[in-house]
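The following note is intended for a colleague who has not yet examined this structure. Please read the numbered points with the sequence and the model at hand.

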Amino acid sequence: MKSGIHPDYHEITVIMTDGTEYKTRSCAGKAGDTLRLDVDTKSHPAWTGVQRMMDTGGQVAKFNKRFAGIGTRSKA
């Protein structure tokens, strides 16, 4: 391998949505950093089969406000 062109590969801690944690190696962040997941295989509808509305920080309200007028016709 060429030296100096590859990212730093180090150990981080990943915390799942249910609080379980494990250590893995990644090039994200710095050595010893913690990655907290908002969505994982235990909470994502693709794996659980249960639809759930997750509104973090009013994202759904912001989307509805931004695109409220799309699809309505106005008289010209």
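1. The model discussed here is predicted. Phe67 counts as partly exposed, because its relative accessibility is 34% and the partly exposed class runs between 20% and 50%. As to its place in the chain, Phe67 is found in the segment after helix H2 (59–66).

2. Phe67 also contributes to the surface: together with Phe63 and Ile70, Phe67 makes a nonpolar patch of about 330 Å².

3. The count of aromatic pairs comes to one. The ring centres of Phe63 and Phe67 lie 4.9 Å apart and the ring planes stand at 50°, so this pair is tilted. Planes under 30 degrees apart would count as stacked, and planes over 60 as edge-to-face.

4. Turning to the strands, the model contains an open sheet of three strands in the order S2-S1-S3, and the pairing is mixed. Strand S2 (21–26) and S3 are the edge strands, each of which pairs on one side only. On average, neighbouring strands of this sheet are turned by 35° against each other, direction ignored.

5. Within the sheet, strand S1 (residues 10–15) pairs with S2 in the antiparallel sense, over six bridges. Ile12 stands opposite Thr24 in S2.

6. Val39 belongs to the loop between strand S3 (34–36) and helix H1 (45–48). With a relative accessible area of 39%, Val39 is partly exposed. Which separation is found between the C-alpha atoms of Val39 and Thr17, 22 residues apart along the chain? The C-alpha atoms of Val39 and Thr17 are separated by 6.6 Å.

Note on methods: Residues numbered from 1 in each chain as written. Predicted model: local features only at pLDDT ≥ 70, side-chain atom pairs only at ≥ 80, totals over all residues. Heavy atoms only, no water. Patch = residues over 30% accessible without salt bridge, like charges linked within 9 Å, V, L, I, M, F, W, Y side chains within 5 Å. Areas by Shrake-Rupley, 256 points an atom, 1.4 Å probe, with all protein chains shown as cover. Salt bridge = Lys/Arg side-chain N within 4 Å of Asp/Glu carboxyl O. Helix = DSSP H or I, 4+ residues; strand = E, 2+ residues; numbered from the N terminus. Buried < 20%, exposed > 50% of the residue type's maximum accessible area, 1.4 Å probe, protein only. Phe/Tyr/Trp six-rings, centres within 6.5 Å; stacked < 30°, edge-to-face > 60°. Pairing = 2+ DSSP bridges. Axes fitted to C-alpha atoms, helices over the stretch in contact; angles between N-to-C directions.
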